[in-house]
Amino acid sequence: MSSHHTFADEPEHIGLLRETMRRFVEKEMPREKREEWDRNHTFPRDIFAKLAATGVCGLTISDEFGGQGPDIVGAVAVIEELCRGGPFMAGPFIHTAFYGGVNISENGSPEQKAALLPKLAKGEITFAYGLSEPDVGGDLASVRTTARMEDDGKTVVIKGSKRWCTGADFADFIYCLVRSGEPDARYKNLSFVLIPTDAAGLTMHPIDHMNLRYTLSSDVFFDDVRVPAENIVGGTDNWNRGWKMLAGPALDVEKIEITAVTFGIAQAAVEEAWVYSQEREQFGKPICAHQTVRHALVDARTKLQACRHMLYHGAWLAQEGRPCSVETSMAKLFVAETAVDVVLTCQKVMGAYGLSEGHDMQRHVRDIVGMPIVGGSSNMQRNNIANRLGLPA
Ligand SMILES: Cc1cc2nc3c(=O)[nH]c(=O)nc-3n(C[C@H](O)[C@H](O)[C@H](O)COP(=O)(O)OP(=O)(O)OC[C@H]3O[C@@H](n4cnc5c(N)ncnc54)[C@H](O)[C@@H]3O)c2cc1C
């Protein structure tokens, strides 16, 4: 079935990456293990170390800092292939190569790049995203976690809390959006600070949830957490310049990365239902021979193909450094909404077995329904597209 998976003109090295990742998933991520990891909200650290040893975490990082990129298309292909085994390796890969590698490459100070990128490229350190708060979802400019300077500007003191901080339990740093001035200035008084997860005054508490259970998602509390001013992302010159980091090119890549997970999960669901429909017999023939089932599967594959084009077109634009805020929002919107439809169709094809243990489908369903919400909801993408295209409000 390989002709479904690659573009005719996909560079050879990406084909090789796909092969390596597929073998990795087959060998290291059997279904029984995936079920266990999902139940326990975790991923195996030793298997992630094996993944990192292949060098893939360096795909978003330039060779100057020990990487082999930036190669956004290659990194997206890695996410796609890893998602055949669910989110368990794609998740930590993203925390390292994207939350870490993309953001520090784009926004880090020279010292931060030199200190962090070589370690990120080797998969030795990982980041978590601290954006959402109890009262802050899509409206990120209204964050309330505060950061103030002390010790003549040498120390930053953080107070407040973040919600849904996925991977705070295993990450080394929280890439944290903070209010560094008066709230009424909205976009002008935001900064990013790197907060070590072992800092004094930082505590966390996991939030039970049904999707993307490769790790915990936690409430994180900062009770006057003190970090050196060198931890301000981009250095002290970038104090109060957080919004441009959030809304800049790194956000386009972030939309692409979450879209790649969405696509990868939908593809895994289609392939599971496709195989299952040939094995399950009812009324004297495989269910795939019943026309409505057959058509449902073909429609799912067709929609998946449209998703593939939007995803890789967005990735290519980002790789080329072209403006792509509209295209990446369209990809995030279209792929998330379409993937929910595709996965629910596949679940129906599998009947009761699409809802129960012994198959991946029930997990795909749980993972996919969150995709129109996380990483900027579908409505946020619609708002961005309308605004960027100048539609009067
Ligand atoms: C498993 C999981 C992991 C997560 N991981 C992280 C993480 O690591 N770091 C992090 O910072 N966050 C994380 N999140 C949070 C996620 O990013 C937020 O859920 C997302 O930003 C949406 O915020 P909200 O759920 O509070 O929805 P809200 O912003 O409250 O929106 C609720 C609904 O109202 C709609 N809406 C809101 N405003 C408008 C508007 N102006 N126009 C039209 N419609 C609107 C939305 O589209 C949505 O349908 C995670 C969430 C989950 C479930």
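**Helix α11 and the core around it**

Let's begin at helix α11, whose buried residues pack against four helices: α2 (31-40), α5 (87-107), α8 and α10 (325-349). The model you are looking at is predicted, so please read each contact here as a computed one. Helix α11 itself covers residues 361-369, and its buried residues are M361, R363, H364, V365, D367 and I368. Charged side chains can be spotted in that list alongside nonpolar ones, with R363 and D367 sitting among the buried positions together with V365 and I368.

One of the partners of α11, helix α8, is a good guide to the next stop. The largest nonpolar core of the protein has 112 residues, and I79, F93, V193, A266 and A339 are those with the most contacts inside it. Helix α8 (residues 249-279) gives this core its largest share, 13 residues.

Now pick out V193 in the viewer. Setting aside neighbours within four places in sequence, V193 is in contact with A147, V156, I158, C176 and V178, and also with V227, N231, I232 and V233.

Stepping back, you can count 12 helices and 9 strands in the protein. Of the contacts with a separation of 6 or more, 72% join residues 24 or more positions apart. Buried residues account for 47% of the 393 residues.

What about the overall dimensions? The C-alpha trace spans about 80 × 50 × 40 Å along its principal axes. The radius of gyration is 21 Å, which agrees with the value near 21 Å for a compact globule of 393 residues.

Note on methods
Residues are numbered from 1 along each chain as its sequence is written. This is a predicted model: local features need pLDDT of at least 70, side-chain atom pairs count only at pLDDT 80 or more; totals for chains, interfaces and linings use all residues. A nonpolar core is a set of buried Ala, Val, Leu, Ile, Met, Phe, Trp, Tyr and Cys residues joined through C-beta atoms within 7 Å. A residue is buried if 20 or more other C-beta atoms lie within 10 Å of its own, exposed if 12 or fewer, and partly exposed in between; C-beta atoms are placed from the backbone. Helices (H or I, at least four residues) and strands (E, at least two) are DSSP runs, numbered from the N terminus. Two residues are in contact if their C-beta atoms, placed from the backbone, lie within 7 Å. The radius of gyration is taken over C-alpha atoms; the globule rule is 2.2 Å times the number of residues to the power 0.38.
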